[in-house]
Amino acid sequence: MHLYLQLIVLLFVSITVYTFDVKKKYFPVPVVLLLTGIGLSFLPLFSDLSISKNILYAIFIPGLLFVSSYQFSAKAFKKNASIMITLSTVGMVGTVLLLGAGIFWITSYFHPLSWSLSFLLAAILVPTDPVSVVSILKNNTEADEIADIVEGESMLNDGTSIVMFTVFLSMVETGNAFSIINFLQSFVFVSLGGIIVGLFFGWVLSHAIHITSHREYQIMLSILIAYGSFLTAEELGFSGVLATVVSGIMLSFAFSKKDEKEEEFRVALGGFWNVIDPILMSFLFLLIGIQSAAYLYFNYWYLAFLIFVLSILARFIVLGSTIYLVPQWKKRFENFSSVLLVLSWAGIKGSMSVVLLLWTIDSALVKDPILISIAFSSILISFILQSLGIYPLTNILKRK
């Protein structure tokens, strides 16, 4: 009964937030949900609520990623594939290394962290949140191309971040030094495996929709693909995130053919996933707020803020150098400096960072409460400040 009451309260709060629907341009709904979750943590009803990374990772992430990927424009993916893939792979690795070095340097003045812990913290903070980007950036800007790049990159970079995170977590747990060969082997194996599983499930879904026109069957099939691709890839030791994203993108390409049956399937899927998506997102950010409250020690907020600033600078430097080195990419943007600023600021930390952080907490050998506190605080600072700052920055971009 206690659990049922918790679920009823969370659902009631979610409905209330969406009913009043605060003006998203200035104070986005995900931010309201997260702050509300922090407030709920002080109620006796939620004092014993504990969330494992498996719940967030296996229940919330696949559904949210599938919705983002199958609704992502196939035309936009073709147009921006090279830059999105580069930023989500090479860009991610460069950002982790640069941010990790910055964390090692800045913490040496306050609470020294080893190189391994510094890179582990960087790997936690680097993935951008597709849920946050989709729900905030798309509603707050007319710069569609920038929004597409950020959304596509954020969907793809989760797979990269998990590979880097597991490598650095293994370093911390075993005490082994970083090996570029082992890292590349793990990255290629996990990434390619996830892509292959996603291609298979996406191919199955794209063809199976022609078997029947029953909407119930089509919806059940989409659930099977979204979660089946994820769980299958994870069971095989591959990236479940990439599997789900790839299967969703393949479905998006099927929709782009403008076939009558695909159009009917889109309507059927929208009737289901457009309801499930806000429910998953609401519960996700409420639970993140409730869980994070226990780790927010105000003695270390100053350090968390400094690391947040370093994360913005690291992303700015890596994005700028990556795009600048490819003339074709730079020429696509009239106001390169403004676009770079928006792209850098739009790298919001959120759900995947929290999953990786809970993964760290579950580790028997990572028991530094200050590290956990700094990480949670940095994620909250990023999510709130960057979400609120997206709209003003895009206004600056439009005026130039």
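Helix α16 should span 16 Å, given twelve residues at 1.5 Å each, and its end C-alpha atoms agree at 17 Å apart. The model is predicted. That helix is a good place to enter the structure.

## Helix α16 and S353

Helix α16 covers residues 351-362. The helix is mostly covered, with ten of its twelve residues buried. Those buried residues are S351, M352, S353, V354, V355, L356, L357, L358, W359 and T360.

S353 deserves a closer look. Its relative accessible area is 0%, so S353 is buried. The side chain of S353 still has a polar partner: one of its polar atoms lies 2.7 Å from the backbone oxygen of I124. Beyond residues up to four places away in sequence, S353 touches I124, L125, P127 and I379. I124 therefore appears both as a contact and as the source of the backbone oxygen, while S353 itself is buried at 0%.

## The fold as a whole

The chain is built with 17 helices and zero strands. Of its 400 residues, 57% are buried. Contacts reach far along the sequence. Among those with a separation of 6 or more, 83% join residues 24 or more positions apart. The chain exposes about 17100 Å². Carbon and sulfur atoms supply 68% of that area.

In soluble globular proteins, nonpolar side chains tend to be buried together. Here the largest nonpolar core holds 106 residues. Within that core, L121 and V241 touch the most other members. Setting aside residues up to four places away in sequence, L121 touches I103, L113, I307, L371, I374 and A375. A second, separate core has 18 residues, including F66, Y70, L205 and A233.

## Helices α5 and α15

Helix α5 runs over residues 90-107 and has 18 residues. From first C-alpha to last it reaches 26 Å, close to the 26 Å expected at 1.5 Å a residue. Its buried residues are G91, M92, T95, V96, L99, G100, G102, I103, I106 and T107. I103 of this set is also one of the residues touched by L121.

Helix α15 spans residues 336-345. Eight of its ten residues are buried, so the helix is largely enclosed by the rest of the structure. The buried set is F336, S338, V339, L340, V342, L343, S344 and W345.

## A buried salt bridge

How many salt bridges are there? The count comes to one. R315 pairs with E153, and their closest N and O atoms are 3.0 Å apart. R315 lies in helix α13 (residues 301-324) and E153 in helix α8 (residues 144-174), so the pair ties together parts that are 162 residues apart in sequence. Are R315 and E153 buried or exposed? Both R315 and E153 are buried.

## Around α8 and α4

Helix α8 also carries E145. Leaving aside neighbours within four places in sequence, E145 is in contact with K79, N80, R332 and F333. Helix α4 covers residues 74-88 and includes I85. I85 counts as partly exposed, because its relative accessibility is 42%.

Two C-alpha pairs are set out below.

| Pair | Sequence separation | C-alpha distance |
|---|---|---|
| E145 and K79 | 66 residues | 9.4 Å |
| I85 and I149 | 64 residues | 9.7 Å |

## S239 in a loop

S239 sits in the loop between α10 (215-235) and α11 (240-255). Is this loop residue buried or exposed? At 4% relative accessibility, S239 counts as buried, because the cut-off is under 20%. A polar atom of the S239 side chain lies 3.1 Å from the backbone nitrogen of L242. Apart from neighbours within four places in sequence, S239 is in contact with G159, V190, G194, A233 and E234. One of these contacts, A233, is also listed in the second core.

S239 and S353 can be read side by side. The side chain of S239 has a polar atom 3.1 Å from a backbone nitrogen, that of L242. The side chain of S353 has a polar atom 2.7 Å from a backbone oxygen, that of I124.

How values were computed. Residues numbered from 1 in each chain as written. Predicted model: local features only at pLDDT ≥ 70, side-chain atom pairs only at ≥ 80, totals over all residues. Heavy atoms only, no water. Helix = DSSP H or I, 4+ residues; strand = E, 2+ residues; numbered from the N terminus. Buried < 20%, exposed > 50% of the residue type's maximum accessible area, 1.4 Å probe, protein only. Polar contact = N/O pair within 3.5 Å; in protein donor to acceptor, adjacent residues only side chain to side chain. Contact = heavy atoms within 4.5 Å. Core = buried A, V, L, I, M, F, W, Y, C linked by side-chain atoms within 4.5 Å. Areas by Shrake-Rupley, 256 points an atom, 1.4 Å probe, with all protein chains shown as cover. Salt bridge = Lys/Arg side-chain N within 4 Å of Asp/Glu carboxyl O. Expected span 1.5 Å × (residues − 1).
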